[in-house]
Amino acid sequence: MLGFNMDLQSQITQLTKILSMNKTLYSVIEKAASIGMKNYYIGAGCIAQTVWNYQMGLELTNGITDIDFSYYDNTDLSHEAENSAIERLKSIINSNVIELDIKNQARVHLWYKEHFGYDISPYDSIENAINSWPTTATSIGVRLDKEFIRVYAPFGLNDLFGMIVKANKVQITEEIYMQKAKKWHTKWPALTIVPW
């Protein structure tokens, strides 16, 4: 598989090439760079799934239901402030093909229990949030920095390129992990699912 067991710099080069081929996603990455926001990444499933599609020879937007735009702003944790940011970002980025899922990671702890059934501690940075995302392959964020893709991937990129789904047990439950893994395996049957 392309990129698997390569050095990190070669993997980042390969990732940049693959992402640039997904015109829908890359358009969002480019537009986001014009906003002037510093504490954000586009990441999680849309990045991993683009790579999985490439590895399997599928259309690069296959199975991607949303594009996660995660930012960090702890100056105002109100729902209204986040909604205002969402509207502003959507008006600038304007992705008509795939839905944008925009979240302020500074306020995730305020609604997490209602959605997932248990409390989490507040994140103190956007990177801290990515550190807790559900799998090693999807704990990834990218953004355009001048003409280069900046990558934050606390678990590296090998599981991503190897199509290996492994739980990041920092905060996910076994039940949520297995639901995600099963759903993804139906769309990308070449995935290797590592049991909990």
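These questions and answers walk through a predicted model, from its sheet to its pockets and a few single residues.

User: In what order do the 5 strands of the open sheet lie?
Analyst: The sheet is open, and its pairing is mixed. The twist averages 30° from one strand to the next. Read across the sheet, the strand order is 3-2-1-4-5.

User: Which are the edge strands?
Analyst: An edge strand pairs on one side only. In the order 3-2-1-4-5, look at the two ends. The edge strands are strand 3 (99-104) and strand 5 (148-152).

User: How many bridges join strand 4 to strand 5, and which residue stands opposite G141?
Analyst: Strand 4 covers residues 141-145 and runs antiparallel to strand 5. The two are joined by 5 bridges. Opposite G141, in strand 5, stands Y152.

User: At what angle does helix 4 run to strand 3?
Analyst: Helix 4 spans residues 79-93. It lies across strand 2 (66-71) and strand 3. Its angle to strand 3 is about 145°.

User: How much space lies in the largest pocket?
Analyst: The lining of this pocket counts 33 residues. D68, D101, F116, P134 and K180 lie nearest the centre. The space in the largest pocket is about 850 Å³.

User: Which element gives the largest share of the lining of the largest pocket?
Analyst: The elements that give two or more residues are helix 3 (45-56), strand 2, strand 3, helix 5 (108-116) and helix 8 (174-187). The largest share is 6 residues. That share comes from helix 8.

User: How do the residues of that lining divide by class?
Analyst: Take the lining of the largest pocket, with its 33 residues. Sort them into nonpolar, polar and charged. The division is 15 nonpolar, 11 polar and 7 charged.

User: Which element gives the most to the lining of the second largest pocket?
Analyst: This pocket has a volume of about 170 Å³. Helix 2 (23-33) and strand 4 are the elements that give two or more residues to its lining. The top contribution is 3 residues, and it comes from strand 4.

User: How many charged residues are in the lining of the second largest pocket?
Analyst: Among the lining residues are K38, R143, D145, K146 and R150. By class, the lining also has 5 nonpolar residues and 1 polar residue. The charged count is 5.

User: With which residues is M37 in contact, leaving aside its neighbours within four places in sequence?
Analyst: M37 sits in the loop between helix 2 and strand 1 (40-43). M37 also helps line the second largest pocket. Its contacts beyond those neighbours are F69, Y71, R88 and L89.

User: What distance separates the C-alpha atoms of M37 and N74?
Analyst: Along the chain, M37 and N74 are 37 residues apart. In space, their C-alpha atoms are separated by 14 Å.

User: Is N5 buried or exposed?
Analyst: N5 lies in the segment before helix 1 (8-21). Its phi is positive, about 60°, although N5 is not a glycine. The relative accessible area of N5 is 58%, and exposed means over 50%, so N5 is exposed.

User: Is M163 buried or exposed?
Analyst: M163 is in the loop between helix 7 (158-161) and strand 6 (164-165). Its phi is near 55°, a positive value in a residue other than glycine. The relative accessible area of M163 is 2%, and buried means under 20%, so M163 is buried.

How values were computed: Residues are numbered from 1 along each chain as its sequence is written. This is a predicted model: local features need pLDDT of at least 70, side-chain atom pairs count only at pLDDT 80 or more; totals for chains, interfaces and linings use all residues. Side-chain values use heavy atoms; hydrogens and water are left out. Two strands pair if DSSP finds at least two bridges between them. Helices (H or I, at least four residues) and strands (E, at least two) are DSSP runs, numbered from the N terminus. Axes are lines fitted to C-alpha atoms, for helices over the stretch in contact, and angles run from 0 to 180 degrees between N-to-C directions. Contact means heavy atoms within 4.5 Å. On a 1 Å grid over the protein atoms alone, a cavity is a set of points where a 1.4 Å probe fits but cannot get out, and a pocket is an open set with protein on both sides within 12 Å along at least five of seven lines; lining residues have an atom within 4 Å of a point. Grid points are joined across faces, edges and corners, and a volume is the space filled by probe spheres set on the points. Ala, Val, Leu, Ile, Met, Phe, Trp, Tyr, Cys and Pro count as nonpolar, Asp, Glu, Lys and Arg as charged, and the others, Gly among them, as polar. Buried means under 20% relative accessible area, exposed over 50%, partly exposed in between (1.4 Å probe, protein chains only).
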